[in-house]
Amino acid sequence: MKRYLLGRLLRTIPVVFGVVTVVFLLIHLLPGDPVDIMLGESAVPAQKEELRRELHLDRPILSQYASYLSGIPRGDLGVSFRSREPVLGEIARRIPATVLLAATSITVAVLVALPLGVLAAMRRGKAADYLSGFAAMLSLSIPNFLLGPLLVLLFSVQLGLLPVSGYGAGRPLVLPAVTLGTGMAALLTRMVRATLLEELRKEYVTAAIARGLPYRSAVARHALRNALVPVVTALGLSFGAVLAGSVITETIFSWPGIGRLLIQAIDARDYPLVQGCVLVIALSTVAVNLATDILCARLDPRIRYE
Amino acid sequence: MNEHSGFLVLIRRTARHRGAAVGMVLLALFLLAAVFAPVIAPCDPLAQNLDEGLSGPSVSHWLGQDKFGRDVLSRLIYGARLSLAVGLGTVGISLLIGLAAGSLAGFLGGGVDRIFTGACDILLAFPGILLAIGIAAVRGPSFGNVLFALSVLGWVGYARVIRAQVLSVKTREFVESARAVGSSPARLLLRHILPNAISPILVEATFGIARAIVAEAGLSFLGLGVAPPAASWGSMIGEGRHFLFIAPHLVTAPGAAILLTVMAFNFLGDGLRDALDVRQ
């Protein structure tokens with residue numbers, strides 16, 4: 001396990017460097033002078049010079065890259081040029097809201113997908129299977145920027161049951177969590193169905209039923225446990241997609257997380273903050289993918305010896 | 001069997017899939033609307049009539065009017081052009097890069113493959129449309145920038161599929177025989193390996209068009225897609241959501257268009273996958 005762990009950690013290092021480099025290059029993709037774009041044409045030359053110095057844009061690109069790189073381990077992601085506060089501090093304040101939203105939507109997705117996927121597999125080819133298949137396809141096809149407003153239309157405008165926006169762990173969380181979790185629930189439902197059907201075909205399940213075990217127990221105690229390993233992997237890997245989806249969901253519901261901060265930073269042309277948000281979301285994804293791989297290697301010894 | 005009849009067999013097998021058949025019909029309608037937009041659209045999609053802003057469906061404007069009094073149906077029909085152009089454009093560019101990178105990495109192996117795998121790992125660390133949002137944010141809203149932003153990450157999926165296919169096909173006997181009779185590496189790759197490695201890409205590309213359409217609409221929803229006043233389904237929803245209480249049709253009409261189009265591509269992708277699956 002130690003050998004696997006070390007190898008996996010070593011493979012992560014170039015990915016982290018690559019991600020940092022891509023994010024660093026983002027600001028250099030700006031068409032024209034970043035300082036002109038950020039301050040507008042009416043800014044006086046002294047202001048422009050000051051911002052150029054602040055963002056290190058007056059130095060050669062390699063020197064800029066070196067100081068950007070050396071700042072990251074110290075948590076120095078630059079200064080937001082609108083609020084004049086450190087970028088990391090601005091982002092850190094928004095993390096709890098995004099974590100709350102992401103964790104709730106993943107929980108909702110699992111709670112919906114697990115029973116629905118099992119039901120579809122156990123009733124293969126019957127009405128329940130077709131219905132859950134259609135629901136999954138519909139949910140996969142509906143983008144969150146459409147689902148969100150539709151849920152608001154139904155539950156806030158028509159029925160008046162839930163608030164349009166707001167922040168908190170109670171009622172304001174319901175619509176954003178459902179919006180963000182629906183696509184993932186659909187993906188997991190299809191996956192649970194497919195992996196469970198694969199397991200149900202195997203001999204050990206037939207043997208368990210032949211020994212007199214009721215079909216339901218054979219599914220719950222034997223097949224489902226084995227079917228869940230790939231589902232756990234998918235769950236971990238889709239964390240990144242949830243974070244990316246939170247950008248749109250948080251914008252729809254004015255949820256005060258990193259996603260909304262990113263859009264606010266884009267609107268304000270606060271590029272150091274844009275870079276910081278993209279970097280933090282991408283590095284969180286790398287970290288969760290690493291944790292998922294390690295967890296799977298612990299769960300399934302075959303992975304460690306591949 | 002020649003390639004032409006092989007393609008016809010594939011179409012016939014795909015059409016046997018009920019969902020795929022419905023998807024094909026929907027997509028044909030969507031294509032016709034996009035191609036003949038100037039003929040079909042009842043009004044100019046950019047013509048404003050501020051006095052009638054936010055009006056609901058009527059005889060002269062079947063799907064109502066937006067806040068500037070522009071005809072929603074006409075904007076929807078013209079929006080189909082944009083969605084289709086972004087979907088096909090992104091997949092076309094991504095396929096070209098993906099095919100070149102994936103086949104070279106799989107065929108040459110060694111250092112080229114290691115660099116390829118490293119680049120893929122880095123790009124895949126950016127989840128969903130995050131990198132596209134970042135790129136579109138700094139480049140500004142325009143059709144070209146949307147294509148660029150979506151293709152930067154779009155090629156990776158195709159490249160990985162094609163690499164895996166090339167790795168598996170290049171060890172088969174017919175490739176070995178071609179190599180033994182002196183085929184050049186380029187001929188081996190283009191004439192013998194790629195034609196036999198391409199079918200999973202068809203399925204992936206079908207889903208890819210749906211993904212690109214959703215991604216463009218998502219960027220436009222955030223104000224990072226194609227520059228206004230051009231009609232984009234995503235920006236129509238983005239503008240319409242501010243009037244949900246008084247004019248819900250501004251969200252539901254473009255929403256239905258996106259949903260139907262994406263479902264059609266997803267059903268078609270499922271059908272193609274089943275048709276190409278030899279176990280079926």
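**Entry 1: chain A, order of elements**

I read the elements of chain A from the N terminus and noted α-α-α-α-α-α-α-α-α-α-α-α-α-α. The count for chain A is 14 helices and zero strands. I keep in mind that this is a predicted model.

**Entry 2: chain A, overall figures**

I looked up the extent next. The C-alpha trace of chain A spans about 85 × 60 × 30 Å along its principal axes. Chain A has 306 residues, and 45% of them are buried. I then turned to the surface: chain A exposes about 15,000 Å², and 64% of that area comes from carbon and sulfur atoms.

For contacts in chain A, I took those with a separation of 6 or more; residues 24 or more positions apart make up 71% of them. I also checked the charges. Chain A carries 30 positive and 20 negative charges, and their mean positions lie 14 Å apart.

**Entry 3: aromatic pairs**

I searched the whole structure for aromatic pairs and got seven over all chains. I wrote down A:Tyr167 and A:Trp255, an edge-to-face pair with 4.8 Å centre to centre and 75° between the planes. Where do the two partners sit in chain A? A:Tyr167 is in the loop between helix 7 (144-158) and helix 8 (171-200), and A:Trp255 is in the loop between helix 11 (239-252) and helix 12 (258-267). The pair thus links distant parts of the chain, 88 residues apart.

I compared the accessibility of each partner with the cut-offs. A:Tyr167 counts as partly exposed because its relative accessibility is 46%, which falls between the limits of 20% and 50%. A:Trp255 counts as buried because its relative accessibility is 0%.

I went on to chain B. B:Phe30 and B:Trp233 form a tilted pair, 5.9 Å centre to centre with 50° between the planes. B:Phe30 belongs to helix 2 (residues 18-35) of chain B and B:Trp233 to helix 11 (residues 233-240) of chain B, so this pair ties together parts 203 residues apart in sequence.

Are B:Phe30 and B:Trp233 buried or exposed? B:Phe30 counts as buried because its relative accessibility is 9%. B:Trp233, at 3% relative accessibility, counts as buried too. Both values are under the 20% limit.

**Entry 4: a ring cluster in chain A**

Which residues do ring pairs link into a cluster? I noted A:Phe24, A:Tyr65 and A:Tyr68.

How values were computed:
Residues are numbered from 1 along each chain as its sequence is written. Chains are lettered from A and ligands numbered from 1 in the order in which they are written. This is a predicted model: local features need pLDDT of at least 70, side-chain atom pairs count only at pLDDT 80 or more; totals for chains, interfaces and linings use all residues. Side-chain values use heavy atoms; hydrogens and water are left out. Rings of Phe, Tyr and Trp (its six-membered ring) pair if their centres lie within 6.5 Å; planes under 30 degrees apart count as stacked, over 60 as edge-to-face and the rest as tilted. Helices (H or I, at least four residues) and strands (E, at least two) are DSSP runs, numbered from the N terminus. Buried means under 20% relative accessible area, exposed over 50%, partly exposed in between (1.4 Å probe, protein chains only). Contact means heavy atoms within 4.5 Å. Accessible areas come from the Shrake-Rupley method with a 1.4 Å probe; for residues, only the protein chains shown count as cover. Lys and Arg count as positive and Asp and Glu as negative; His and the chain ends are not counted. The place of a charge is taken as NZ of Lys, CZ of Arg, CG of Asp or CD of Glu.
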